[in-house]
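Here are some friendly exercises to work through, each with a step-by-step solution. Keep the structure open beside you as you read.

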Amino acid sequence: MGVAGNYWSACRGRSDREFVAKLGVSVDEAEESVLWLTAFIRSGIRNDGETKALLGEGEQLRAILSRSHKTAKENRKRRIKRKNQLANSTTHEFTKSI
């Protein structure tokens, strides 16, 4: 439930920064789920088809969330860079006209 809860929380983030941070927590939770399922299978505690299927789904969710997190971070950096460039060009044009 940690993955779903943190993803839901990320989607309700109040800012880009909060969204990226909470999405990262969701990725961490997916990683932990994959870790535990892998441990169950390798130790022989559970080595059935259902557990293996859950591991496969967990790996897919982890991949999707990881890629989403990377994209969100890249988009945030681009927005900040664009905002700074706009602010600098506006300041330059303003001081140039004085």
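**Exercise 1.** Find which residues Ser 26 is in contact with, leaving aside its neighbours within four places in sequence.

*Solution.* Step 1: recall that contact means heavy atoms within 4.5 Å. Step 2: leave out the neighbours of Ser 26 within four places in sequence; the contacts are then Val 3, Asn 6, Tyr 7 and Leu 65. Step 3: place the residue itself, which is found in helix α2. Helices here are DSSP runs of H or I with at least four residues, strands are runs of E with at least two, and both are numbered from the N terminus. Step 4: check the accessibility. Ser 26 has a relative accessible area of 0%, so this residue is buried. The classes are buried for under 20% relative accessible area, exposed for over 50%, and partly exposed in between, using a 1.4 Å probe and protein chains only.

Before you go on, a word on the model: it is predicted, so local features need pLDDT of at least 70 and side-chain atom pairs count only at pLDDT 80 or more, while totals for chains, interfaces and linings use all residues. Residues are numbered from 1 along each chain as its sequence is written, and side-chain values use heavy atoms, with hydrogens and water left out.

**Exercise 2.** Decide how confident the prediction is in the protein and its helices.

*Solution.* Step 1: pLDDT is the predictor's confidence in each residue, from 0 to 100. Step 2: the average for the protein is 92, and 91% of the residues score at least 70. Step 3: look by helix; α2 has the highest confidence, at 97, and α3 the lowest, at a mean of 89. Step 4: keep a caution in mind. Where pLDDT is low, the predicted coordinates should not be read in detail.

**Exercise 3.** Describe the fold and the overall dimensions of the protein.

*Solution.* Step 1: count the elements, which come to three helices and zero strands. Read along the sequence, the pattern is α-α-α. Step 2: take the box along the principal axes; the C-alpha atoms fill roughly 75 × 20 × 15 Å. Step 3: compare the radius of gyration, taken over C-alpha atoms, with the globule rule of 2.2 Å times the number of residues to the power 0.38. The protein has 21 Å, whereas a compact globule of 98 residues would have a value near 13 Å. Step 4: of the 98 residues, 20% count as buried.

**Exercise 4.** Classify Asp 28, Leu 86 and Asn 75 as buried, exposed or partly exposed, and give one C-alpha distance for each.

*Solution.* Step 1: Asp 28, found in helix α2, is exposed, with a relative accessible area of 53%. Its C-alpha atom is separated by 9.7 Å from that of Asn 6, 22 residues apart along the chain. Step 2: Leu 86 belongs to helix α3 and counts as exposed at 55% relative accessibility. Leu 86 and Ala 63 are 23 residues apart in sequence, and 34 Å apart in space, C-alpha to C-alpha. Step 3: Asn 75, also found in helix α3, counts as partly exposed because its relative accessibility is 26%. From Asn 75 to Val 20, 55 residues apart in sequence, the C-alpha to C-alpha distance is 10.0 Å.

**Exercise 5.** Work out which helix gives the most to the lining of the largest pocket.

*Solution.* Step 1: α1 (2–11), α2 (16–43) and α3 (49–97) each supply at least two residues of this lining. Step 2: α2 gives the most, with five residues.
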